[in-house]
Amino acid sequence: MDISNSLARNAKTASCCFMGMGQFVFLKQRLRGLLLMAFEILIILAFTPVFNCAFPKAIYGFITLGSPKPEGTPIKYLDHSIFMMIEGIFVLIILAIFAFIYVAQIRQAKKDGEKIIKKNHFPSMAETRNELSLTAFPILGVAPSILMISIFTVIPLFFSALVAFTNYSSPDHIPPKNLVDWVGLENFKTLFLGSSGIGGGSDWPAAFARVAVWTVIWAVCATFTCFFAGFFFAVVLQDKRIKLPKLYRTIFILPYAIPQMLSLFMWANLLNGTMGPINRTMQLWGIIRQSIPWLTNPTTAKITLILVNIWIGFPYSMILITSTMTSISKSMYEAAEIDGANKWQQFKSITLPMVMYQLRPILIMQFAGNINNFGAVFFLTGGGPALMSGMDNLSISTQAGSTDLLISWIYKLTMNSNQYNVASVLSILVFAVLVPFALYNFTRTKSFKESEI
């Protein structure tokens, strides 16, 4: 059979004109061509009155976020800006998938045409079945996961990001009673420059700077104190001179085994400034005269937060480091002893490098996790105490307390004052800083590089 060299070009041109046409007409891939054509027909129908022009309405609603209705219109007939935004995002994702498939099927039509020309015959039924088993089956297997990720992951992410470019906040822009409008970069200007776009606009830059700096300090301190406290106990309990090391490990693991929320509530009561058992016991024994403001003084509260977090977090690091140390060959320590190395030299030259080589990615993950460690702050201090400046309480307008992290501040802005737009801006900033940092540092670790094929 003489197959023309123009087959690939004709198949590509037909597929450009209409999805699946090249496969159906020129490549004799009837089923694939029919499925692709049916998909494009459904997309076209979504833009017509047959489906009530669903896609154009969704896109228009996404652009306008609704239009005002006459006074007295029932609530169910009012435009809901948030629902319109979500519907618009959903339609745009469908169109993006359609565009991706459209381009992919054009390239595949050309590729299949060239393969047919090279072999000088159309594939038989058996060859087609074998090819489908190799190519189509993985695609069909992954397709449901991609669909679920698009619906339950991509849409929420896009929605959360887009809210930052709206005035979605209380009390004047909460649908359906009020509409939400696109405001561009106004929320970013307010947060960084203190413009008057949000209530208490002049307080926002100071609040953001304070919370951002404390978040970084907290992440560094919480990560390294827990890690090296766990490292210390792991090394000590490995010493042969320690009696009953398993008993000590069990006791040290108990804080990690107890739910964090319960532990933090317990510590919040123990550290109560007036009636807390710790202050009362220390006063009874004459150690202190006045109660220590563990959770009511901004500086003391931050130190307390870090210390309590060590108590809760170091067992996890101790378990990881202990398991890593057991994998180190004892012959290395025996050789070091023969060479005259003392315990410190063995630790510095053998234990520390080997443990860090294995656990550096986990250390990076812990740092990223501590930036978003909502529970440690919320259940112990609630983000407080409130920051006072003269007669003005800066926490009233911005909701930012002295020990608030960015994540707990985001929670307060959404749950306490319905300032979703500012919370979305903060979420974008956390994402923009945290993800590149984690990826950059993780990909530079030796364990990652040596795992590459």
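This passage looks at the two largest pockets in a predicted model.

Where is empty space left? Rolling a probe the size of a water molecule over the atoms shows it. In this model, the largest pocket holds about 1600 Å³ of space. A set of 40 residues lines this pocket, and R32, L36, A136, I139 and L140 are the ones closest to its centre. As for where the lining comes from, at least two residues each are supplied by α3 (30-45), α5 (81-119) and α6 (125-162). Helix α6 takes the largest share, chipping in 15 residues. Sorted by class, the lining of the largest pocket comes out as 25 nonpolar residues, eight polar ones and seven charged ones.

Next up is the second largest pocket, with a volume of about 770 Å³. Its lining is made of 18 residues, and those nearest the centre are Q238, D239, Y333, K343 and Q346. Which helices help to build this lining, with at least two residues each? They are α8 (204-238), α12 (298-326), α13 (330-338) and α14 (343-371). Of these, α14 gives the most, with five residues. By class, the second lining splits into seven nonpolar, four polar and seven charged residues.

Put side by side, the two linings read like this: 25 nonpolar, eight polar and seven charged residues for the largest pocket, and seven nonpolar, four polar and seven charged residues for the second largest.

Definitions and conventions:
Residues are numbered from 1 along each chain as its sequence is written. This is a predicted model: local features need pLDDT of at least 70, side-chain atom pairs count only at pLDDT 80 or more; totals for chains, interfaces and linings use all residues. Side-chain values use heavy atoms; hydrogens and water are left out. On a 1 Å grid over the protein atoms alone, a cavity is a set of points where a 1.4 Å probe fits but cannot get out, and a pocket is an open set with protein on both sides within 12 Å along at least five of seven lines; lining residues have an atom within 4 Å of a point. Grid points are joined across faces, edges and corners, and a volume is the space filled by probe spheres set on the points. Helices (H or I, at least four residues) and strands (E, at least two) are DSSP runs, numbered from the N terminus. Ala, Val, Leu, Ile, Met, Phe, Trp, Tyr, Cys and Pro count as nonpolar, Asp, Glu, Lys and Arg as charged, and the others, Gly among them, as polar.
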